[in-house]
Amino acid sequence: MGELLMTVLLVSILWMILDLLKVFFQEHREGPGNEAVRDPGRQKLTQYAEAFEGLSETFLKLPKLKEDLEKEDREEILKETSHQVCRDCEAMEWCWSEHREDTLREAYDRLFSMEKGEEELPRLSFCIRSDRFLAELRLKYQLARQNLLWTNRLFASRRIMMDQFQEIAGIIRRAAGAIYEVDEVDTQVRRILEVQMKLHGIGVREMWKVERPDGCRELYVTMRALGKKRCVGMREAAACLSSACGERMIPARDSRMVINQDYSTVMFMPAPVYMMLCGAARVTRDGEVVSGDSFAVYHRDSGEMILSISDGMGSGPEAGQESSQTVELMEQFLNAGFDRETSIKMLHSVMLLRDSSCFSTMDLAAVNLYTGECELLKVGAAATFLKRGDWVETVSSTSMPMGIIGEADYECTKKQLRPGDFLVMVSDGILDAFPGNHGEDKVQELILNETTDNAAEMAKNILEEVLKFRRRKAEDDMTVLVGGLWRR
């Protein structure tokens, strides 16, 4: 079921992307503002969204989860048991005809006792095959409970698929709306840019702009190098664009470094106001070679810095593989354009469908390098600490790790960072190194005593102090991830 779900999601997303690209390039070949072309494209994408919503609604008609056996299930258990045990019994007529009510009452009483978890059951007062009847009754009951668990798991999987179809429909609607926000660059700015680019040996064919909801502007420029066997550095193109726009513009992080003879489209955006310098330190549990903790630090083209830690349940290779996959999948979902909460739900769905007893946490911090706003998203993760001068704030969580319960259990907190602030993220091994429930207080004290402005050095110092307290013994994997915000 998990593989089927991922296949459906992958095919659906690829299908959506192809159609979005077709609509995008068709409309810009025809020219912006041509509503005769734009409306059919909008309708087509809306139809795709409605189709996925329709698929989602079909799952609403399916049976719901059952916590316990129902009346029909108990009747079927008794029917099968009596058929198996009583059909060739010489006392069958006496039990099931002359004293049917008494037989049913005692049989139901034993069945209810089984449901309560009672192991020792009294014999049936009148049954000459009481031991055999109760043994068969327990067997049928256990099979019914097993079927109930598998049925509930199937229903839960269908519920997950319903939620994912809803998410895909929402993604298509949002993507369709984003396409229609693409517009041409101001004529005067474009002319200035074309002249400056041409002076530097760059020919511009097309230019579009997108105003993002957060107020940031993205520019898409299709260009190539002029002249034979000539290449122009991307930095030179960015400098020309910055001069024409009146603000510093930078290319997307995965853009090519040089412009050659072939036309290529490059996305430019304003340079972020802030930068975040990060450092990490970690140690593996004593006796283990592979850490069960994984972490990642990366930029997004939206101008966000992402810091994440995943703690696999337990330690060793299995826990390390689980946490590593969690971090990698989260990065892939975010880079593909999914928002953070949708990514958490999809990741949780994948883990819920897998036949694995190993679970993992997710501690994610997304820092907007234009505004300094930080969003902390925690799924069963340890506390995060915010250091500002001689003051430290703790952000705790009581959520469960991913893949344990049906609904994704996560907590989201937003904080406004200032230049010089430090974000300190840790795994459970750091907090559990201190006795009792004083882990957060002790780590907060360690952070407060830090005087360095170097993120890597701060992470190393914190881990070193924890190991000193434990006399250099690591009873669990320990990870410290620190990010410091600075103005460019």
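**Close-up views of a predicted protein model**

**View 1. Y108 and F112 share a helix.** Y108 is partly exposed, with 23% relative accessible area; on this scale, under 20% is buried, over 50% is exposed, and partly exposed lies in between (1.4 Å probe, protein chains only). This is a predicted model, so local features need a pLDDT of at least 70 and side-chain atom pairs count only at pLDDT 80 or more, while totals for chains, interfaces and linings use all residues. Residues are numbered from 1 along each chain as its sequence is written, and side-chain values use heavy atoms, leaving out hydrogens and water. Y108 and F112 are four residues apart, about one turn of the helix, and both belong to helix 5 (residues 100-115). Helices here are DSSP runs of H or I with at least four residues, strands are E runs with at least two, and both are numbered from the N terminus. An aromatic pair means rings of Phe, Tyr or Trp (its six-membered ring) with centres within 6.5 Å; planes under 30 degrees apart are stacked, over 60 edge-to-face, and the rest tilted. Three aromatic pairs are counted by this rule. One of them is the stacked pair of Y108 and F112, with 6.2 Å from centre to centre and 25° between the planes. F112 is partly exposed as well, at 38% relative accessible area.

**View 2. F422 and W486 make an edge-to-face aromatic pair.** The ring centres of F422 and W486 are 5.9 Å apart, and their planes make an angle of 80°. F422 belongs to strand 16 (residues 422-426) and W486 to strand 17 (residues 478-487), so this pair ties together parts that are 64 residues apart in sequence. Are the two partners buried or partly exposed? F422 is buried, with a relative accessible area of 4%, whereas W486 is partly exposed at 24%.

**View 3. Helix 3 packs with helix 5.** Two packed helices are described by the angle between their axes and the distance between the axes. Helix 3 (residues 71-86) meets helix 5 at an angle of about 115°, and their axes are 11 Å apart. Such axes are lines fitted to C-alpha atoms over the stretch in contact, and the angles run from 0 to 180 degrees between N-to-C directions. The crossing of helix 3 past helix 5 is right-handed; that is, the near helix is turned clockwise from the far one by less than a right angle, while anticlockwise would be left-handed. On the helix 3 side, the contact is made by R74, E75, I77 and L78, and on the helix 5 side by L104, A107, Y108, L111, F112 and E115. Contact means heavy atoms within 4.5 Å. Look for our two residues from View 1, Y108 and F112, in this contact.

**View 4. Helix 7 packs with helix 8.** What angle do helix 7 (residues 187-199) and helix 8 (residues 234-245) make? The angle is about 145°, and the axes lie 9 Å apart. Helix 7 makes a right-handed crossing with helix 8. From helix 7, the residues V189, I192, L193, Q196 and M197 meet A237, C240, L241, S243, A244 and C245 of helix 8.

**View 5. S255 sits in a loop between two strands.** The loop runs between strand 5 (249-251) and strand 6 (258-259). S255 counts as buried because its relative accessibility is 17%. A polar atom of the S255 side chain lies 2.9 Å from the backbone oxygen of A252. Setting aside neighbours within four places in sequence, S255 is in contact with V266 and M267. The C-alpha atoms of S255 and F268 are 9.3 Å apart, with their positions 13 residues apart along the chain.

**View 6. R300 is another loop residue, found between strand 9 (293-299) and strand 10 (304-311).** Which residues does R300 touch, not counting those up to four places away in sequence? They are I306, L334, N335, F338 and R340. With 15% relative accessibility, R300 counts as buried.

**View 7. R471 and R472 have positive phi values.** Phi is near 55° for R471 and near 65° for R472, and each is a residue other than glycine. R471 lies in the loop between helix 13 (455-469) and strand 17, and R472 lies between helix 13 and strand 17 too. R471 is exposed, with a relative accessible area of 73%, while R472 is partly exposed at 48%.

**View 8. Here is the whole protein, with 13 helices and 17 strands.** Of its 488 residues, 46% are buried. Among contacts with a separation of 6 or more, 71% are between residues 24 or more positions apart.

Key
Polar contact = N/O pair within 3.5 Å; in protein donor to acceptor, adjacent residues only side chain to side chain.
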